[in-house]
Amino acid sequence: MVMLVRWAVTSTDMSLKVCSIDDLRPGEGLRIDSINPPIAVFLTEDGEVYAIDDTCTHQDASLSAGWVEDCRVECPLHESTFSLVTGQVDQPPAKKGVRTHQVHVSGGAVYVELSTAAPNLPPGVIVA
Amino acid sequence: MKVLAREGHLLIVGAGLAGYHTARGARLNGHTGPITILGAENRPAYDRPALSKAYLTGAVSESDLALDDPDQPLDVRWVAGLHVAGLSEHPLGVLTSDGEFWAADAVVIATGAAARTLPETNPGDAAGRPYVLRTMDDALALRDICLEGLEVAVLGGGFLALEAAATCTQRGASSVIVAAGEEFPGARRLSLPVGQALRAAHEAHGVGFASSARAVSVTSTAAGHTVHLGDGSAVAADIVICACGAAPATSWLAGSALRLSPTGAVLCDDFGATSIPGVWAAGDCSEWQSQSKGLRPVGHWQEAVEQAAVVAAGITGAEPQPMQEPYFWSDQYDLMLQGAGAIASADEVRIISGSVTTGDLLVSYLREGTEIGILGFNRLREVKRWRKQHQRKKAAVLAA
Ligand SMILES: Cc1cc2nc3c(=O)[nH]c(=O)nc-3n(C[C@H](O)[C@H](O)[C@H](O)COP(=O)(O)OP(=O)(O)OC[C@H]3O[C@@H](n4cnc5c(N)ncnc54)[C@H](O)[C@@H]3O)c2cc1C
Ligand code: FES
């Protein structure tokens, strides 16, 4: 969620600069590999920025390569879609949702405050 | 088409992907009556694709592959380990191998397919039978052997064979030879560049390819196996994996009035209705009209899921979702291969970008100059976009 208001506090220890707003293309996701497990940052057609875990909870597929529509991303491999707002999954084959991360946009930069919840990584994928 | 009463008994034969999704769809459409799923395998219904991939390497476990969600289980009576032996039209229902009759208001046949094997000489000899990959038991048997230092021959040129070859190599087999039945695996079906890219990827991992003739039989002795190819050549191996396709698991329907195809598939219209009212079929055991015409593929996961949803709609009287463009994927080494569209009817193939040696090939399939399909190696974004855009176009055409 874009939270320009909250950003008044400037960067805290919890906030990471992950990319510039110019790195994002409307309707597409950007995978941030420097974070482990990687996250995906999305710019919707309405200009909102969201961040969720990048790895699908079904198998090891990068959600940043998925299809964005109505504030959801459909996994590029199968048909499960995840809410960019809540991370919830709508239908099989994935059973679990993804974590969402708080996003702040300031001065053209995208900052993310990572969720402290445990990630729902797919079986066979471990955090390196 | 006869719609099932809301409180009627829906009986599904086959506890696999299509069976699960039929039940799920019926519940989503508001069916309140009992749903029973009879399955021959003695374990909870599971998803097959990983059996030739992550399950075979040990990366995922049986519970990871369960179809039903333990947190949101379907309201369904699962009966495992029970073989269905016959179909009855009047009264409608099925007979199980324990002699029991299961009456139903609608029957869905979702028994999938069984692995094809080659003629064997001296089967059951000390070298063991060739392995197949269809069920979890099949995969478990292969997973339980230590492949280190062993020579493996994989028969078949489809994705199942190539995935098995990839996992055997990763698991330390001393050599893996694929008898693909063509020089470049997949070239006949998917075009030469795709076959070249697949062969190059496997050769880069040390996998070898036998001559382009098909494997015709296997001889086993205590010393090992010999695979005989159609051109007279032979491949010796400690382990043989037969991935030569699958045949519809419909032998239990012999003697019923149901119309079957020459290969034994249950013939259906494009709503999954069979020749017997109240009996439907979905997934690998069936052949829908558009599949008989060659317009849609058989044996793909996506096809089974969507057919199940269409059958669930037909049974409950809901509006079925139009089928999407055909779709399949395959996972080999670090390659994710995905194809979509009416690839079989293409008359021209163009490389859009990437190359056959760099693991990033993207090809377009055309018919009379119009793009009708796409296939990519590690091109998840492009393939998904193509599928969604075509789905939108289709929806727009249907709405017009
Ligand atoms: C190893 C493997 C890997 C695959 N990988 C991919 C992939 O990467 N991509 C892709 O697109 N597709 C893949 N597929 C194909 C996909 O899994 C199938 O298309 C799908 O499983 C078909 O579902 P189904 O429900 O029709 O059949 P199945 O999943 O086979 O289920 C049928 C069930 O019916 C049961 N049954 C059969 N006869 C009887 C009887 N008489 N009484 C009671 N029960 C019975 C069987 O035991 C079985 O459990 C793969 C298939 C296999 C085997
Ligand atoms: S990998 Fe995402 S739904 Fe299967």
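**Aromatic rings and the ligand 1 site in chain B**

Colleague: In this predicted model, which ring does the charged end of B:Arg189 sit over?

Modeller: The model is predicted, and side-chain atom pairs count in it only at pLDDT 80 or more. The charged end of B:Arg189 is placed 5.5 Å from the centre of the ring in question, within the 6 Å that the criterion allows. The ring beneath that charge belongs to B:Phe159.

Colleague: And how far is the charged end of B:Arg199 from the centre of the ring that it sits over?

Modeller: The ring here is that of B:Phe184, with the charged end of B:Arg199 sitting over it. The distance from the ring centre to that charged end is 5.7 Å.

Colleague: How many aromatic pairs are there over all chains, and how are the rings of B:Trp301 and B:Trp329 arranged?

Modeller: With ring centres required to lie within 6.5 Å, the count over all chains is three aromatic pairs. In one of them, B:Trp301 and B:Trp329, the centres are 5.4 Å apart and the planes stand at 80°, and because planes over 60 degrees apart count that way, the pair is edge-to-face.

Colleague: Which parts of chain B does the pair of B:Trp301 and B:Trp329 tie together, and are these two residues buried or exposed?

Modeller: B:Trp301 belongs to helix α8 (residues 301–316) and B:Trp329 to strand β21 (residues 327–332), so the pair ties together parts of chain B that are 28 residues apart in sequence. As for accessibility, B:Trp301 and B:Trp329 are both buried.

Colleague: Which residues form one aromatic cluster with B:Trp329?

Modeller: B:Trp329 also pairs with B:Tyr327, and since their ring centres are 6.3 Å apart with planes at 25°, this pair is stacked. Both B:Tyr327 and B:Trp329 are buried. The residues that form one cluster with B:Trp329 are B:Trp301 and B:Tyr327.

Colleague: Turning to ligand 1, how much of its accessible area does the protein cover?

Modeller: The shell has 32 residues, and the closest include B:Ala18 and B:Glu41. Oxygen atoms of ligand 1 lie 2.7 Å from a polar backbone atom of B:Ala18, 2.6 Å from an N or O atom in the side chain of B:Glu41 and 3.2 Å from a polar backbone atom of B:Trp301. Of the 1000 Å² that ligand 1 has on its own, the protein covers 93%.

Colleague: Which elements of chain B give two or more residues to the shell around ligand 1?

Modeller: By class, that shell holds 16 nonpolar, 10 polar and six charged residues. The elements that give it two or more residues are α1 (17–28), α4 (159–170) and α8.

Notes:
Residues numbered from 1 in each chain as written. Chains lettered and ligands numbered in written order. Predicted model: local features only at pLDDT ≥ 70, side-chain atom pairs only at ≥ 80, totals over all residues. Heavy atoms only, no water. Phe/Tyr/Trp six-rings, centres within 6.5 Å; stacked < 30°, edge-to-face > 60°. Helix = DSSP H or I, 4+ residues; strand = E, 2+ residues; numbered from the N terminus. Buried < 20%, exposed > 50% of the residue type's maximum accessible area, 1.4 Å probe, protein only. Lys NZ or Arg CZ within 6 Å of the ring centre and 35° of its normal. Near = heavy atom within 4 Å. Polar contact = N/O pair within 3.5 Å; in protein donor to acceptor, adjacent residues only side chain to side chain. Areas by Shrake-Rupley, 256 points an atom, 1.4 Å probe, with all protein chains shown as cover. Nonpolar A, V, L, I, M, F, W, Y, C, P; charged D, E, K, R; others polar.
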